[in-house]
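Reader: Please give me a close look at the ligand surroundings, and then place them within the rest of the fold.

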Amino acid sequence: LVSRMRPFGTTVFAEMSALAVRTGAVNLGQGFPDTDGPPEMLAAAAEALRSGRNQYPPGPGVPELRAAVAAHQRRFWDLEYDPDGEVVITAGATEAIAAAILGLCEPGDEVVCFEPYYDSYAASITLAGAVRRPVTLRPGDDGRYAFDPADLRAAFGPRTRLVLLNSPHNPTGKVFTPAELSLIAELCREHDALAVTDEVYEHLVFTDASTGHVPLSTLPGMRERTLRVSSAGKTFSCTGWKVGWVSGPAALVSVVLRVKQFLTFVNAAPLQPAVAVALALPDTYFTDLRAGMQARRDQLISGLGDAGFDVLTPEGTYFVTVDITGLGGADGVDFCRTLPDRCGVVAVPTQVFYDDPEAGRRLVRFAFCKRPEVLTEAVTRLRRAS
Ligand code: PMP
Ligand code: GLN
């Protein structure tokens, strides 16, 4: 193994899911729903398989999916992208982010990101030989995660190539506010930096959030310098399909395509027309998804509160973080490794998503994208142990 990849062991998601299987615990660790996505989408995939759409699709993705991605962004975010040249289909958001970083960063270039960060970011930045400049999100007295604007300003410099922004944010559930987005945009313009936005939770912003979802590319001067990434996994409960996409100005999207050709070439022909069907579902699909997830959030946070956890209420995503100090926990990794044996529940320690593990030492993430009866069982078990 090359030296630069040696710090990267098995992902915490794989470790914790294996632990859940081994111990028979309720798995609130890795984020994946335990119910299927819309039946129209599943039927369209089956039909595509049966009708022989099983050979290499076009490199940028099948035309109907690119058109559906463009139409969806126009419908929800008032963003215009040309399906021919400004949209490329990828193997999940993960490949879009990796290809963007590999194609845009020279060795030594700096990538500003917010920690805790989704684990693939650090690996992709490292594979490119680039350097990450994390800005720490910390829980405030109001229970919301925020960053110090001075930290963000200090993270930008002459070597900044791009900022990698994930909002709604995994694992904290934070939705970046318009003021925070404005500062990020201002710094991008000032330093002539690009942005890659990971918006896989774009439809999971709760109605009581202080702000709705605002794509960074809608801010002044940002469309031309932003690659906007999303995927079908969360919105249509099909994390195993790995169908994602990137939209942006043709010059930037063509960089992703250039790299993507040699990572995966193309992906999942029969699943692409099915995701196109899903993206065109009526608005009620998307509002029902959010309402259902909001109810599960409320169920889990009240149960976690009853079990003695100090809960940091998320405004979006399907994750909630807790501080384990009140339960006598000092280290999230130790806490999560022993939790299955203590009470039969699996969670994820968020300190593994920080360059500075101290900042996340006592924080643990639970996923609530599970059936209500599964959440009830998890909470019963947690209460017994606390
Ligand atoms: N970004 C974030 C913030 C995520 O939580 C995930 C997890 N699924 C991904 C990217 C990866 O998405 P995909 O499965 O579409 O590659
Ligand atoms: N995105 C999911 C999570 O954060 C799972 C990702 C993975 O297993 N790589 O839990």
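Author: Helices and strands are here DSSP runs, of H or I over at least four residues for a helix and of E over at least two for a strand, numbered from the N terminus. The model is a predicted one, in which local features need pLDDT of at least 70 and side-chain atom pairs count only at pLDDT 80 or more, while totals for chains, interfaces and linings use all residues. Residues are numbered from 1 along each chain as its sequence is written, and chains are lettered from A and ligands numbered from 1 in the order in which they are written.

The part to start with is the shell around ligand 1, where a residue counts as near if its C-beta atom, placed from the backbone, lies within 6 Å. There are 13 such residues, and those that come nearest are G92, A93, T94, N170 and S231. Helix α4, which spans residues 92-104, supplies the largest share of this shell with three residues. Sorted by class, the shell around ligand 1 holds three nonpolar, eight polar and two charged residues; Ala, Val, Leu, Ile, Met, Phe, Trp, Tyr, Cys and Pro count as nonpolar, Asp, Glu, Lys and Arg as charged, and the others, Gly among them, as polar.

N170 also belongs to the surroundings of ligand 2, together with T11, F13, Q30 and G31. By class, the shell around ligand 2 has one nonpolar and four polar residues, with no charged residue.

To place these shells in the fold, the domains come next, with bounds taken from an automatic or database domain assignment. Domain 1 is made of 3-37 + 284-385, and domain 2 covers 39-279. Taken over C-alpha atoms, the centres of the two domains are 24 Å apart. Their contact, in which two residues touch if their C-beta atoms, placed from the backbone, lie within 7 Å, draws 34 residues from domain 1 and 35 residues from domain 2. On the side of domain 1 that touches domain 2, the elements giving two or more residues are α11 (283-306) and β12 (319-323), and α11 contributes the largest share there, six residues. That side of domain 1 consists of 16 nonpolar, 10 polar and eight charged residues.

Two sheets deserve attention, strands being paired where DSSP finds at least two bridges between them. Strands of a sheet pair through backbone hydrogen bonds, either parallel or antiparallel. Seven strands make an open sheet of mixed pairing, in the order β2-β10-β9-β8-β7-β3-β4, and its edges are β2 (87-90) and β4 (131-136), each of which pairs on one side only. From one strand to the next the twist averages 20°, with axes fitted as lines to C-alpha atoms, for helices over the stretch in contact, and angles running from 0 to 180 degrees between N-to-C directions. Within this sheet β9 (residues 226-231) and β10 (residues 244-247) are antiparallel over four bridges, and V229 has V246 of β10 as its bridge partner.

The second open sheet has four strands in antiparallel pairing, ordered β11-β12-β15-β14. Because β11 (310-312) and β14 (348-349) stand at its edges with a single partner strand each, one side of each is left without a neighbour in the sheet. Five bridges join β12 to β15 (residues 363-367) in the antiparallel sense, with T321 opposite R365 of β15. Lying across β11, β12 and β15, helix α11 runs at about 15° to β12.

Some backbone details remain, and for these most residues other than glycine have a negative phi, and most peptide bonds are trans. The bond from E115 to P116 is cis, with omega near 5°, and P116 sits in the loop between β3 (110-115) and α5 (119-127). Another cis bond, from S167 to P168, has omega near -10°, and P168 belongs to the loop between β7 (160-166) and α7 (178-190). A268, although not a glycine, has a positive phi of about 35°, and is found in the loop between α9 (250-263) and α10 (271-279).
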